[in-house]
Amino acid sequence: HTINPSNSEEIDKIKGEYRGTKLKKDDISSFLNDKESFLTGGRVYVLHFPGDMKKGDTLWYSYEQKKADMVFFPIHYVPNETLVKKYSVVIKHPSDLSVDFELFFPRDSIKCTIINPSPTLTTISFDSIPEAKELPYFPFNGYNASFITIISKEGLDITPISPLDFTGWYFGHLDTIPQLTDSLPAALRNLLNSSPNDIARLKIIYDYIQTNIRRVSDVRGLNAYVPHAPSFVLNNLYGDCKDRAFLCKSLAALYGIPVNLALISTEVMATFKSIHANLFNHVICLYEDSPGMIFFDPTIKYYSFGNLWGKLAGEKTFIIDSVRPRYETTATDLTLPTFEISITGSMSEPKNCSASVIFRGDYYAYVGEGWSASGSVERENFLSQALNKRIINIAIDNFQLINQNDIEISFTARADLSRFIINSGNKKYIPANIFTNLNGDLLERREDSYPLYFENPRNMSLILD
């Protein structure tokens, strides 16, 4: 079993027992969680229970974790196991505080019991929960219920669950970070000073951070959730998503350009009315001007300014704006196909057609990373596999790089249509379905009414000439 703390504060007093036998020290291991996120975990702990557990066997574990702030009171998840006999949370609190819960059920609601056996004790418990069937295209298979704890005093929330309270809490930390001075690298300063407008300056800042700041997480102390000082990131040339987003904001502020941090998740999360820090695992930026909003993410290479990773496009993001904190839906500037193929050839020689292949957006990021890191044979195999798993019965190989810029990477290639073209007597046909988007396991979802969750949206184009 894995214990992944919700922030970088260490846990201790780990105990466990199975079949009446206590876990030994050697049964507990840990490793550093270097996954980049808004609230980055410190260490992940692994409890090694026996692999031969049988029906009727029991196990339990417990641990302690001290929280530096009420905002870190964790989101709890009731696991989807063979049978959860009991899942309970006991909260001890002063008598003048009230404790409540907001619940989320990914499937049907399940019964829970909330009681106050004394003025200083509140418990929530779930009993005898059977295992729910694992479903394809459903991101909630790991749990049957989730809940946020809300603590209040005299009717006023102490936990910062409203947009205004959460933003006030986070700005309270951001305001302690030393401001960036104008002592910028000379090349960057010259480019910014000579730029004609705010958009041009933002593009320069964006490109500079993407090119020069390495993706490294340093989450010691407060930096688990508070960015490093922008001067630290500029001098050391590394940082995680919140470090780079805050550097963007700080560089833009030197030129009077308002940029806000925006919290978002790259994974499908439980849905609550309340805000909780652990509902987000990534930080991007928002610039607003008279035509509208521009979202941009200085974290991932091969995405042009305003062009978001597909997982982030069209998603709800929380804007940390001191005047108007709120949720918005992200948009991306990319309207062209994420991959575009033009094939020219003769029906009489289908094995020797020529192709032009252009990758943009998510495919550009995927292909660009592989192309830059591989040798010639590996590159060829990498590109062939990237395309051939998405198009039906067309083999494309012999790639030659033609052009690469901040929006797209393009190649010429050879295309073999011999299995694609259908021969029937004196006539030749091409199939109506060209792209492979969904797998057959989708049909397993015919019997339920739960939402379907698919991969990133793709806009693909194939032209035959």
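**Helices, an open sheet and two unusual backbone angles**

Helix α7, spanning residues 376-388 in this predicted model, comprises 13 residues and covers 18 Å between its first and last C-alpha atoms, which is close to the 18 Å expected at 1.5 Å a residue. Its buried residues are Phe 382, Leu 383, Ser 384, Ala 386 and Leu 387. An α-helix has 3.6 residues a turn, so residues three or four places apart point the same way. What covers the buried residues of α7 includes helix α6 (361-373) together with the strands β21 (339-344), β22 (353-360), β23 (395-404) and β24 (408-416).

Helix α6 also holds Asp 362, a residue that counts as buried because its relative accessibility is 19%, where the cut-off for burial is under 20%. A polar atom of the Asp 362 side chain lies 2.7 Å from the backbone nitrogen of Gly 310. Leaving aside residues up to four places away in sequence, Asp 362 touches Tyr 303, Leu 308, Trp 309, Gly 310, Lys 311 and Asn 456, so that Gly 310 appears both in this list of contacts and as the owner of the backbone nitrogen just described.

Elsewhere in the chain, five strands form an open sheet with antiparallel pairing, in the order β18-β17-β16-β19-β20. At its edges are β18 (293-296) and β20 (326-329), each of which pairs on one side only, and the twist from one strand to the next averages 40°. Within this sheet, β16 (residues 259-264) and β17 (residues 282-288) pair in the antiparallel sense over six bridges; Leu 261, for its part, has Cys 285 in β17 as its bridge partner. Across β16, β17 and β18 lies helix α5 (residues 241-254), which runs at about 20° to β17.

Two residues deserve a look for their backbone angles. Ser 128, placed in strand β11 (residues 121-130), has a phi near 50°, a positive value in a residue other than glycine. Leu 237 is likewise not a glycine, yet has a positive phi of about 60°; its place is in the loop between α4 (230-236) and β15 (238-239). As for their surroundings, Ser 128 is partly exposed, with a relative accessible area of 43%, and Leu 237 also counts as partly exposed, at 32% relative accessibility.

Key: Residues are numbered from 1 along each chain as its sequence is written. This is a predicted model: local features need pLDDT of at least 70, side-chain atom pairs count only at pLDDT 80 or more; totals for chains, interfaces and linings use all residues. Side-chain values use heavy atoms; hydrogens and water are left out. Two strands pair if DSSP finds at least two bridges between them. Helices (H or I, at least four residues) and strands (E, at least two) are DSSP runs, numbered from the N terminus. Axes are lines fitted to C-alpha atoms, for helices over the stretch in contact, and angles run from 0 to 180 degrees between N-to-C directions. Contact means heavy atoms within 4.5 Å. Buried means under 20% relative accessible area, exposed over 50%, partly exposed in between (1.4 Å probe, protein chains only). The expected span of a helix is 1.5 Å times one less than its number of residues. A polar contact is a pair of N or O atoms within 3.5 Å; within protein, one must be able to donate a hydrogen and the other to accept it, and residues adjacent in sequence count only if both atoms are side-chain atoms.
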